[in-house]
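The following exercises concern a single protein chain and are each followed by a worked solution. Please consult the sequence and the coordinates while working through them.

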Amino acid sequence: MGLFDKKICDICGEKIGLLGNRKLDDGNLCKDCAKKLSPWFEERRHSTVEDIKRQLEYREKNKKAVMDFCITRQINTRNYNVFIDDNKGNFTVARKLDVNENPDIVPLSAIVQCRVDVDQQQQEETYTKDGETVSYQPPVYKYEFDYTMRIKVRTQWFDDMDFRLNTFSISSDNRRELMEVEQTAYQIIAALTPNAAGMQPGMPGMNMNGGMQPGMPGMNMNGGMQPGMPGMNMNGGMQSGMPGMNMNAGMQPGMPGMNMNGGMQSGMPGMNMNGGMQPGMSGMNMNGGMQQTGMSETNMTGGMQQNNSSWKCQCGAENTGKFCEYCGQPRPF
């Protein structure tokens, strides 16, 4: 048989076009049969002909599960949608829930982990002076973010169901879209893993390494938070100009948040370690007492004392306005 001779699909027996072959461990697969495989399946090249035949049998049976699927909850993203059938304890991730797309129906009990990864890209801003490109002092950066939902499952044919939450990279200037995507990510995690050990009820944001921390909106998965970005730095200290907290080192001047070791500095709003971050609260010193006059005291065990006009959102954040600052939910009456 020559190099360019047409091959035969070992699944359907049809001839395979010049560019239509999909190699298997011990045979060949045409592109039409390959389209019938699960979109989450990644081990095709290491699969045998018998493996593919068994998966295609499963995919045919999956069509009935799609038809029987009753949507009780649905979370929409810009690329995929998460569908949940609470009656049967199943979920799926798909653009459309129909037999033609045939999305894999997976038991909720098969979920091992659900998290969101954030990829950050930075670009330094410059200006022109005397015909030359000059950096600002201190340097000024623009940031863009990409969010990837990662759902690990335990099934026979695939282990991961990963998909992007945003279509295009989101600029750090677009705070509204950043918060919308992060809120969607939180909703998916809360819906698919409501009893996960790391998640504590009523906490906005996600800690992908060690579970949820009280009252932390946002997340940074790859590096430290940069100036002006909402949220927290999971690995290193907060950078100047950022709301949030420093996990390892003391707060720097001019930064809202808290000092884990050395106490609050003057003029810095902070948080209650036991009750979660409260919006608009003055700070506290965990070790040495309150610093400077003009700072309101805190309740070390029950959270910041609020006046009668404050209210607590179902996401866990304390607010005084008509809408939650973090998730946008209206104030209940």
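Rings of Phe, Tyr and Trp, the last taken by its six-membered ring, pair if their centres lie within 6.5 Å; planes under 30 degrees apart count as stacked, over 60 as edge-to-face and the rest as tilted. The model is predicted.

**Exercise 1. Determine how many aromatic pairs the model holds, and classify the pair Tyr 141 and Tyr 143.**

Step 1. Applying the rule gives five aromatic pairs.

Step 2. For Tyr 141 and Tyr 143, the ring centres are 6.2 Å apart and the planes meet at 45°, so this pair is tilted.

Step 3. The burial of each ring's residue is then examined, with under 20% relative accessible area counting as buried and over 50% as exposed. Tyr 143 has a relative accessible area of 2% and is therefore buried. Tyr 141, at 33% relative accessibility, is partly exposed.

**Exercise 2. State which residues ring pairs link into a cluster with Tyr 80, and which charged end sits over the ring of Tyr 80.**

Step 1. Trp 40, Tyr 80 and Phe 163 form a cluster linked by ring pairs.

Step 2. Over the ring of Tyr 80 lies the charged end of Arg 95, 4.4 Å from the ring centre.

**Exercise 3. Describe the open sheet formed by four strands, and identify its edges and the helix that packs on it.**

Step 1. The chain has three helices and 14 strands. Four of the strands make up an open, antiparallel sheet, ordered E5-E6-E7-E8.

Step 2. E5 (73–76) and E8 (106–107) each have a single partner strand and stand at the edges, so each has one side without a neighbour in the sheet.

Step 3. Strands E6 (residues 81–85) and E7 (residues 90–94) run antiparallel and are joined by five bridges. Ile 84 has Phe 91 of E7 opposite.

Step 4. Helix H3 (residues 175–192) packs on this sheet and touches E5, E6 and E7. The direction of H3 makes about 150° with that of E5.

**Exercise 4. Establish where the pLDDT is below 50, and how the contacts of those stretches should be read.**

Step 1. The mean pLDDT of the chain is 74, with 64% of the residues at 70 or more.

Step 2. The pLDDT is below 50 over residues 197–221, a stretch with 71 contacts in the model beyond near neighbours in sequence. It is also below 50 over residues 223–308, where the corresponding count is 182 contacts.

Step 3. Predicted coordinates should not be read in detail where pLDDT is low.

Definitions and conventions:
Residues numbered from 1 in each chain as written. Predicted model: local features only at pLDDT ≥ 70, side-chain atom pairs only at ≥ 80, totals over all residues. Heavy atoms only, no water. Buried < 20%, exposed > 50% of the residue type's maximum accessible area, 1.4 Å probe, protein only. Lys NZ or Arg CZ within 6 Å of the ring centre and 35° of its normal. Pairing = 2+ DSSP bridges. Helix = DSSP H or I, 4+ residues; strand = E, 2+ residues; numbered from the N terminus. Contact = heavy atoms within 4.5 Å. Axes fitted to C-alpha atoms, helices over the stretch in contact; angles between N-to-C directions. pLDDT = per-residue confidence, 0-100.
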